[in-house]
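Me: Hi! I've got a new model open and would like to talk it through with you. Could you start with how the elements are named?

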Amino acid sequence: MLDVHLRDGDGVEFIAELKAVAETRAIPAILLSLEADVRARVRGLTGADDYIGQPYDKGYLLSRATS
C-alpha cells in the first residue's frame, strides 16, 4: 500500500517497475491518493490492484487490504 505522491517519486511508476519484474509481479499493490477523480483512478489502476481516493474510510480500506 502506498501513496501516488511519494516524497522521491511517483507511486504509479514504482508499481509499474514492481509489476515488470517476475519476482515482484505478484505482490498486491493498493494506491492511496488525494485525487479521487476518474482520470486519476484510471492512471492508478493501470498497474495497481486497487486505487483508493480520499476521503479514506477505515472500514473500506481494511476490507480492500484483506481481500
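Reply: Happy to! Helices and strands here are DSSP runs, at least four residues for a helix and at least two for a strand, numbered from the N terminus. By that naming, aspartate 37 sits in the loop between strand 4 and helix 2, which covers 38-44. One caution: this is a predicted model.

Me: Good to know. How many helices and strands does the protein have?
Reply: There are three helices and five strands. Reading from the N terminus, the order is β-β-β-α-β-α-β-α. The radius of gyration is 12 Å, close to the 11 Å from the globule rule for 67 residues, so the protein is as compact as a globular protein of that length.

Me: And what box do the C-alpha atoms fill?
Reply: Roughly 30 × 25 × 20 Å, taken along the principal axes.

Me: Okay, on to the sheet. Which strands are in the open sheet, and in what order?
Reply: It has three strands in the order 1-4-5, with parallel pairing. Strand 1 (2-3) and strand 5 are at the edges with a single partner strand each, so one side of each has no neighbour in the sheet.

Me: How many bridges link strand 4 and strand 5?
Reply: Four, in the parallel sense, with strand 4 covering residues 30-33. Isoleucine 30, for instance, is opposite aspartate 50 in strand 5.

Me: What about strand 1 and strand 4, how many bridges there?
Reply: Two bridges, again parallel. Aspartate 3 has leucine 32 in strand 4 as its bridge partner.

Me: Back to strand 5 for a second. Which residues lie on each of its faces?
Reply: Asp50 and Ile52 are on one side, Tyr51 and Gly53 on the other. All of these are buried, so both faces of strand 5 (residues 50-53) are covered. As background, side chains in a regular strand alternate between the two faces of the sheet.

Me: Nice. Now serine 33: is it buried or exposed?
Reply: Buried, at 0% relative accessibility. Serine 33 belongs to strand 4.

Me: What is serine 33 in contact with?
Reply: Leaving out neighbours within four places in sequence, the list is Asp3, Val4, His5, Tyr51, Ile52, Gly53, Gln54 and Tyr56.

Me: You mentioned aspartate 37 earlier. Why does aspartate 37 count as partly exposed?
Reply: Because its relative accessibility is 38%, and partly exposed runs between the 20% cut-off for buried and the 50% cut-off for exposed. The C-alpha atom of aspartate 37 is 8.1 Å from that of glycine 53, with the two residues 16 apart along the chain.

Me: Then there's lysine 19. Where does it lie?
Reply: In helix 1, residues 11-19. Lysine 19 counts as buried because its relative accessible area is 18%, and buried means under 20%.

Me: What does lysine 19 touch?
Reply: Not counting residues up to four places away in sequence, lysine 19 touches Arg25, Ile27, Ala29, Gly47 and Asp49.

Me: Stepping back to the whole protein, what share of the residues is buried?
Reply: Buried residues are 28% of the 67. The accessible surface comes to about 4,700 Å², and carbon and sulfur atoms account for 58% of that.

Me: Last one, charges. How many positive and negative side chains are there?
Reply: There are 8 positive and 11 negative side chains. The centres of the two sets lie 4 Å apart.

Me: Great, thanks!

Note on methods:
Residues numbered from 1 in each chain as written. Predicted model: local features only at pLDDT ≥ 70, side-chain atom pairs only at ≥ 80, totals over all residues. Heavy atoms only, no water. Rg over C-alpha atoms; globule rule 2.2 N^0.38 Å. Buried < 20%, exposed > 50% of the residue type's maximum accessible area, 1.4 Å probe, protein only. Areas by Shrake-Rupley, 256 points an atom, 1.4 Å probe, with all protein chains shown as cover. Lys, Arg positive; Asp, Glu negative; His and termini not counted. Charge placed at Lys NZ, Arg CZ, Asp CG, Glu CD. Pairing = 2+ DSSP bridges. Contact = heavy atoms within 4.5 Å.
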